[in-house]
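I opened my notebook for a first look around a new structure. Here is the place I started from.

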Amino acid sequence: EEAKDAGDAKCAEELEKIEGGTEEEDGATKEEEVAADDEEGVAEHGRLFVRNLPFSATEADLQAHFRKFGMISEVHLPMDSATRRSKGYAYIHFSLGEHAVRAMAA
């Protein structure tokens, strides 16, 4: 029974780390570490993945919205061939990675 209690305690501890964003040794939470990794990746390639867009969204709409963060080299908005509407997500590729990071932070 002691082994079961120890296992339950370990499981609860792991769950708390996942759900609560407990602090690591350096004081950063898991969420902050993931955000920093995401930011670094975005800065490297300058591309953002944007989801939950309205199906009526157009490339021109996305250009107009994201242009304030920096020069955009490409907007890719996949379309559903059956409905001829957007699939609700897009890729925004900025000329400079720092512009993508700025957009992601907004």
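These are my entries, kept short and in the order I looked things up.

**Entry on the model.** I noted at the outset that this is a predicted model.

**Entry on a charged patch.** Which residues gather in a patch of negative charge on the surface? I found Asp37, Asp38, Glu39, Glu40 and Glu44 there. I then picked out Glu40 and traced it to helix 2, which covers residues 30-45. Is Glu40 buried or exposed? Its relative accessibility is 58%, so Glu40 counts as exposed, the cut-off for that being over 50%.

**Entry on strand 1.** I moved on to strand 1, residues 47-51, and sorted its residues by face. Leu48 and Val50 make up the covered face, while Arg47, Phe49 and Arg51 are on the uncovered one.

**Entry on strand 3.** Next I sorted strand 3 in the same spirit. Its covered face has Ala90, Ile92 and Phe94, and its uncovered face has Tyr89, Tyr91 and His93. Strand 3 itself spans residues 89-94.

**Entry on the pairing.** How many bridges pair strand 1 with strand 3? I read five, in the antiparallel sense. I looked up two of the partners from strand 1. Phe49 has Tyr91 of strand 3 as its bridge partner, and Arg51 stands opposite Tyr89. Each of these four residues had already come up in my lists of uncovered faces.

**Entry on the other partner.** Strand 3 also pairs with strand 2, residues 72-76. These two strands run antiparallel and are joined by four bridges. I looked up Glu74 too, and its bridge partner in strand 3 is His93.

**Entry on backbone angles.** I then turned to phi. Most residues other than glycine have a negative phi. I wrote down two residues with a positive value.

- Asn52 has a phi near 65 degrees and is not a glycine. I found Asn52 in the loop between strand 1 and helix 3 (59-66). Asn52 counts as exposed because its relative accessible area is 73%.
- Arg84 is not a glycine either, and its phi is positive at about 60 degrees. I found Arg84 in the loop between strand 2 and strand 3. Arg84 counts as exposed because its relative accessible area is 71%.

**Last entry.** Where should I point a newcomer to begin? I would start with strand 3, which pairs antiparallel with strand 1 over five bridges and with strand 2 over four.

Note on methods. Residues numbered from 1 in each chain as written. Predicted model: local features only at pLDDT ≥ 70, side-chain atom pairs only at ≥ 80, totals over all residues. Heavy atoms only, no water. Patch = residues over 30% accessible without salt bridge, like charges linked within 9 Å, V, L, I, M, F, W, Y side chains within 5 Å. Areas by Shrake-Rupley, 256 points an atom, 1.4 Å probe, with all protein chains shown as cover. Salt bridge = Lys/Arg side-chain N within 4 Å of Asp/Glu carboxyl O. Lys, Arg positive; Asp, Glu negative; His and termini not counted. Charge placed at Lys NZ, Arg CZ, Asp CG, Glu CD. Buried < 20%, exposed > 50% of the residue type's maximum accessible area, 1.4 Å probe, protein only. Pairing = 2+ DSSP bridges.
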